[in-house]
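User: Hi! I have a model open and would like a close look at one part of it. Could you walk me through it in one go?

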Amino acid sequence: MMTKCLLKESERADVLLDPTTAAAHLHFASCPSCAQSSAQQSGLWLALDAWKVPEVSASFNRTLYEKIEAAIASPWYERWAVAIRQTFAQPSFAVAAVALFVVGGFVLDHPGGVVTPLWSAQVRSLHPGAVQVSSTEAEQVERTLEDLEMLHQFDAGSDEKENTQKSM
Ligand SMILES: [Zn+2]
């Protein structure tokens with residue numbers, strides 16, 4: 001078993017980020033853990049330096065434009081099928097389905113009920129037969145909507161992140 005490094009994390013990071021210093025060499029002599037990490041890191045850098053990015057084939061653009069032309073020339077029902085398949089594959093569709101399920105369950109659980117929040121007194125005066133919703137139920141709906149909003153924002157954030165990674 002390898003002995004644990006005695007340096008603080010920040011000191012260890014300094015040593016590993018610049019392993020050419022005299023202090024780093026001195027530490028590696030007494031710390032097999034850091035010496036091994038440094039050797040692995042150097043190996044990784046060397047491998048990355050030696051890595052050759054594959055050339056883009058000369059026919060890449062031609063193939064791409066042929067595929068675009070084929071997609072444009074395809075019948076409308078095939079384009080619709082592709083669009084629908086992509087829509088159902090979206091995570092936001094799953095969120096919308098869950099929201100519909102929750103709202104549907106609430107509506108089925110309260111048949112004939114009308115949600116009457118803060119303006120319930122006005123609604124009651126206009127519609128004396130309107131069903132009251134307790135404040136607890138209203139809070140549950142509000143919390144669910146907030147959760148859905150948060151999920152939507154999280155979803156939008158992850159989409160943005162994906163797009164920026166693709167564009168890089
Ligand atoms: Zn160490």
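At what angle do the axes of helix H1 and helix H3 cross, and within what distance do they come?

Analyst: Happy to take you through it. Please keep in mind that this is a predicted model.

Let's start with the pair you picked. Helix H1 covers residues 9-17 and helix H3 covers residues 32-50; their axes come within 10 Å and cross at roughly 40°. The two helices are therefore oblique to each other. As for handedness, the crossing in which H1 passes H3 is right-handed. On the H1 side, the contact is made by Arg12, Val15 and Leu16. H3 contributes Cys34, Ser37, Ser38 and Gln41. By character, the residues of this contact divide into three nonpolar, three polar and one charged. The charged one is Arg12 of H1, while the nonpolar ones are Val15 and Leu16 of H1 together with Cys34 of H3. That leaves Ser37, Ser38 and Gln41, on H3, as the polar ones.

A further link can be followed from the segment before H1, where Lys4 is placed. The C-alpha atoms of Lys4 and Pro32 are separated by 8.7 Å, although their positions lie 28 residues apart along the chain. Pro32 carries the number at which H3 (residues 32-50) begins. Lys4 itself has 8 C-beta neighbours inside 10 Å and therefore counts as exposed, the cut-off for that class being 12 or fewer.

It helps to set this part against the whole chain. The protein chain has eight helices and zero strands, so read from the N terminus on, its elements run α-α-α-α-α-α-α-α. Buried residues make up 3% of the 168 residues. Among contacts between residues at least 6 apart in sequence, 37% join residues at least 24 apart.

For another helix to look at alongside your pair, try H6, residues 91-109. H6 has 19 residues and reaches 27 Å from its first C-alpha to its last, close to the 27 Å expected at 1.5 Å a residue. The number of its residues that are buried is zero, so H6 lies largely in the open. One residue of H6 is Val103, which counts as partly exposed because it has 14 C-beta neighbours inside 10 Å. The C-alpha atoms of Val103 and Thr144 are 9.4 Å apart, with the two residues 41 apart along the chain.

Conventions: Residues numbered from 1 in each chain as written. Predicted model: local features only at pLDDT ≥ 70, side-chain atom pairs only at ≥ 80, totals over all residues. Helix = DSSP H or I, 4+ residues; strand = E, 2+ residues; numbered from the N terminus. Buried ≥ 20, exposed ≤ 12 C-beta atoms within 10 Å, placed from the backbone. Contact = placed C-beta atoms within 7 Å. Expected span 1.5 Å × (residues − 1). Axes fitted to C-alpha atoms, helices over the stretch in contact; angles between N-to-C directions. Parallel < 35°, antiparallel > 145°, perpendicular 65-115°, else oblique. Left-handed = near helix turned anticlockwise from the far one by under 90°.
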